[in-house]
Every structure is written in C-alpha cells, then in structure tokens.
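I want to look up how the strands are paired and where empty space is left in this model, and I am keeping these entries as I go.

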Amino acid sequence: MTKRHGYALLAAIVAVIVAISTAIYVGVAADDGGETTPVVGGRTPHNSAAPASVGTWVGAWSASPAGSEPGTEANGMAGRSVRNVVHVGVGGTAARITLSNLYGQQPLSITHASIAVADTGDDAAAAADTMRRLTFGGRTSVVVPAGQQVVSDAVRLLVPHGSDVLVTTYSPTPSGPVTYHPQARQISYTAEGDRTEDVSGAAYTGQTPYWRYLTALDVLSNESDGTVVVIGDSLTDGVTSTVGENRRWTDVLGERLHAAGSDGPRYSVVNQGISGNRVLTSGLGRPAENPSGLVRFDRDVLGRTNVKAVVVALGVNDILRTPNQTDASRITAGLRELKRLAHARGLRVVGATLMPFQGHRGYRPHLEDTRQAVNAQIRSGKVFDDYADFDKALRDPYNPRRLRSDYDSGDHLHPSDKGYKRMAEIFDLNTLKGAAPAQL
C-alpha cells in the first residue's frame with residue numbers, strides 16, 4: 001500500500017467514526033431501560049442536543065402513584081406550576097421522567113415542563129446552567145389521558161450522584177383529581193402561573209409534602225448496571241424519617257451499593273413504598289387507591305427501568321389493617337405470587353421479615369401470632385430466594401414483640417432514623433446478585 005493510499009484509508013476510517021459518533025443519540029425515551037441502542041430521527045429538544053448514548057439507563061428515583069389528592073377533584077393544579085423536588089441515588093449524563101394521570105378523571109394537559117439540578121437541598125432554586133426544557137415526542141406540550149402515563153424525551157443534563165433534582169410542570173386547564181404520592185418526606189413547591197423555567201425559586205411560595213404527577217426519574221449512567229426495585233409499605237416509604245434528609249432505609253441501601261469498595265452489585269435503588277400498602281387488599285375506588293402489591297406489581301416493579309432485582313417488604317398491614325388477615329398462609333401465598341411474577345422476568349427476589357409492633361394501637365396477641373407465623377415461613381426459605389431479617393435486627397432482645405427503644409420512632413411500628421439505617425446495614429448486598437433460579 002502506498003503512503004497516499006494509506007492516508008486515504010485513514011481519512012475514510014475517521015469519517016466513518018465521526019458519522020457514527022454524530023448518529024449516536026437518544027431521540028426518545030421509549031426503550032425498555034436496558035443498554036441503550038442508538039436512535040436517529042425525531043425532533044431535537046429546543047434547548048439542548050439529545051444525549052449521547054453512553055452508559056445504561058437506570059432508575060435514579062421513583063414513587064408509586066398512591067391515590068387522588070383531596071381537594072383537587074374539580075381543577076387539579078390548573079394555572080399553577082408544580083415543582084417536585086426529588087433526591088437521586090445515582091448520577092448520570094442524561095435524564096427522562098414519567099408523569100402519571102392514573103387517578104385523573106379527565107385528560108391532563110401539560111404545556112410546559114422542565115428539569116434542573118437543585119441549587120441547594122432546601123428550596124426551589126435551580127443550580128446555574130442546569131435548567132432544561134423537557135419535550136414529549138419532540139413537542140413541548142403533551143396530553144396525558146385519564147388513567148395513563150407518559151415518558152418524556154431524554155435530555156442531556158449532568159446529574160450528580162446524591163443531588164436533588166427539580167422537575168416542574170405547568171397545566172393551564174382543569175384536570176383533576178391530581179395523581180399524587182402523599183408521604184414524600186420531602187418538601188416540594190408550587191407557583192402561580194407558568195414559572196416552569198424560572199431558575200430562581202422566588203415565585204415558588206407554595207409548599208407541599210406531596211409529590212404530584214411525577215412517578216419516575218431515569219438517568220443515563222456509568223455508575224450503575226441496573227436497578228433494584230423495593231416494593232413495600234410505610235416502613236419502606238420512610239414514614240417518621242426526618243423530612244428532607246433522605247434517611248429512608250432504601251436511601252441508605254443505595255448509598256451502600258454506590259460506595260467505593262462495595263462488594264455488592266453496581267445497582268441503583270428505587271423506592272416503591274406506599275404507606276398502608278398490603279399484599280392482598282387494595283383500597284376503595286376505580287382505580288383503587290393504595291392498590292395492593294399484587295395489583296401494582298407489574299406497573300410499579302416490572303415496569304421500572306432496567307430492573308435487575310426485587311426486594312419485597314410487605315405483609316404487616318395485611319395483619320394490622322381491617323379486616324386483619326390472621327391466616328399467615330394467605331399472606332405468604334401472596335408473597336410467593338409476587339416472587340413468581342418476578343421469576344417470570346428472570347428477576348431475583350429478596351424478601352424481608354415483618355418487624356414487631358407491640359405497643360402500637362393496633363396490636364393484639366393473636367395478630368402477633370400471625371406475624372410470627374409469616375416470619376417462620378420466610379425464614380424457612382419457602383417464600384423468597386433470600387431474605388433480610390429486619391425483625392431480628394430491630395426487635396428488643398428482652399421483649400421480641402417490640403422494637404428496640406432506640407430503633408423505635410415512638411409509635412411502636414415505624415423505625416427511627418437510626419432504625420431505618422440499621423435495616424439497610426444488615427441487608428446482605430450479595431443477595432441481590434444473580435438471576436432467578438431456573439424454572440422446572
């Protein structure tokens with residue numbers, strides 16, 4: 001080969017590389033959450049190029065739609081900007097969101113939406129140069145039909161691990177009731193009018209302890225190979241944990257998996273806890289408020305992005321809440337069905353024993369017998385692939401029917417911050433490794 005031919009070949013190779021690099025963009029966010037595949041075409045968001053396809057799409061945050069917000073039946077949040085504040089457990093170079101109108105009785109019209117990294121953890125202001133306009137199929141507006149959800153296009157944004165992220169939506173027309181998650185343990189904000197792309201938080205004078213419409217935030221990440229989904233009740237939702245401090249046990253678990261030198265898999269953790277949730281029984285309404293674990297498993301667990309493992313921490317409310325399920329075999333049968341659904345997708349399932357609640361207003365001796373029977377089944381290995389023994393870790397060694405005093409928030413059911421931390425500390429990260437056992 002002559003030198004001239006060699007230069008020509010080299011130039012051709014460089015041209016091909018440049019062409020491929022230019023083409024590797026994520027135009028929309030409708031993939032299954034696995035390793036990203038280059039997508040070419042569609043509209044590019046007005047404010048930034050679509051993100052380069054480097055990394056893996058994983059769940060950085062999520063919250064299950066739990067019901068319809070009281071007082072929003074007629075107008076929803078018409079004429080107001082809703083700025084949700086969420087904490088991400090994994091960083092990335094691009095982001096996309098999911099908005100839900102599951103409990104709406106009319107279409108939800110979103111005419112403007114944005115995402116930004118929060119300037120601090122305590123207000124509605126965005127960090128400099130992080131405000132991005134969101135699009136949906138290349139358009140800045142979207143209509144979410146009643147009972148449905150929508151995923152935004154991906155947008156290039158550097159999201160640091162452990163940061164708070166602001167997701168803001170504006171709807172000019174009535175669209176109630178609002179689909180919400182009531183136990184956010186995080187303050188979010190509202191403003192009058194369309195202040196969607198305000199970097200300042202000055203206009204956001206309304207405060208709320210709820211997350212509205214927003215149910216998921218995914219990132220394109222080099223820090224994680226997949227997502228662990230935790231489905232649970234108020235003990236997973238983080239009720240009684242310190243507001244704004246991200247001290248749910250799932251937050252601590254995510255930090256453990258992210259820590260340098262961790263012997264666990266490189267997974268992010270998303271929290272699908274709903275306070276009061278049960279395995280077997282849903283709340284009232286159509287669609288049901290507080291849907292049971294069996295009802296919501298497909299949407300809230302299997303529907304999350306790039307799921308690699310599932311943690312199930314449910315059962316205590318089946319015992320405690322009316323009609324007080326006292327047949328332990330029915331509860332464990334429901335838990336085994338959740339495992340079956342996950343195994344059908346090749347997912348490993350780790351369960352949790354039910355923690356004590358003597359001293360709580362709902363405690364009765366015969367309910368304690370049911371709790372012990374459920375735990376015996378879990379410990380026998382007949383319910384899950386593996387389990388975390390939260391009962392053993394948090395119970396009072398001198399009275400195992402009660403939480404240890406320093407792990408008790410004071411209501412004798414929910415842990416303190418220290419108790420939540422303890423739950424995450426005793427969780428064996430290695431139990432999350434691997435796929436589901438082969439089905440015979």
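Before reading any pairing, I note the rule I rely on: two strands count as paired if DSSP finds at least two bridges between them. I also keep in mind that this is a predicted model.

Entry on β13 and β14. I looked up strand β13, residues 188-192, and found that β13 and β14 pair in the antiparallel sense over 3 bridges, which satisfies the rule of at least two bridges. For a landmark at the level of residues, I noted that Thr190 stands opposite Gly206 in β14.

Entry on the sheet around them. I then followed the neighbours and wrote down an open sheet of 6 strands with antiparallel pairing, in the order β7-β6-β11-β3-β13-β14. At its edges I found β7 (132-133) and β14 (206-208), each of which pairs on one side only.

Entry on another sheet. I recorded an open sheet of 3 strands, again with antiparallel pairing, in the order β2-β12-β15. I asked myself why one side of β2 and of β15 is left without a neighbour in the sheet. The reason is that β2 (67-68) and β15 (211-212) stand at the edges and each has a single partner strand, so one side of each has no neighbour there. Looking closer at strand β12, residues 179-181, I saw that 2 bridges join β12 to β15 and that the two run antiparallel; Tyr180 has Arg212 in β15 as its bridge partner.

Entry on the largest pocket. I turned to open space and noted that the largest pocket holds about 300 Å³. Its lining is made up of 21 residues, and those that lie nearest the centre are Trp61, His87, Arg248, Thr250 and Asp251. When I asked which elements give two or more residues to this lining, I found β1 (56-62), α3 (249-258) and β18 (267-273), with α3 giving the most, at 4 residues. By class, I listed the lining of this pocket as 8 nonpolar, 9 polar and 4 charged residues.

Entry on the cavities. Counting enclosed spaces of 30 Å³ or more, I arrived at 3 cavities, and I wrote down about 80 Å³ for the largest cavity. Among the residues that line the largest cavity I picked out Asp233, Thr353, Phe390 and Met423, and its lining divides into 9 nonpolar, 1 polar and 1 charged residues.

Technical notes: Residues numbered from 1 in each chain as written. Predicted model: local features only at pLDDT ≥ 70, side-chain atom pairs only at ≥ 80, totals over all residues. Heavy atoms only, no water. 1 Å grid on protein atoms, 1.4 Å probe; cavity = no way out; pocket = protein on both sides within 12 Å on 5 of 7 lines; lining within 4 Å. Points joined across faces, edges and corners; volume = space filled by probe spheres on them. Nonpolar A, V, L, I, M, F, W, Y, C, P; charged D, E, K, R; others polar.
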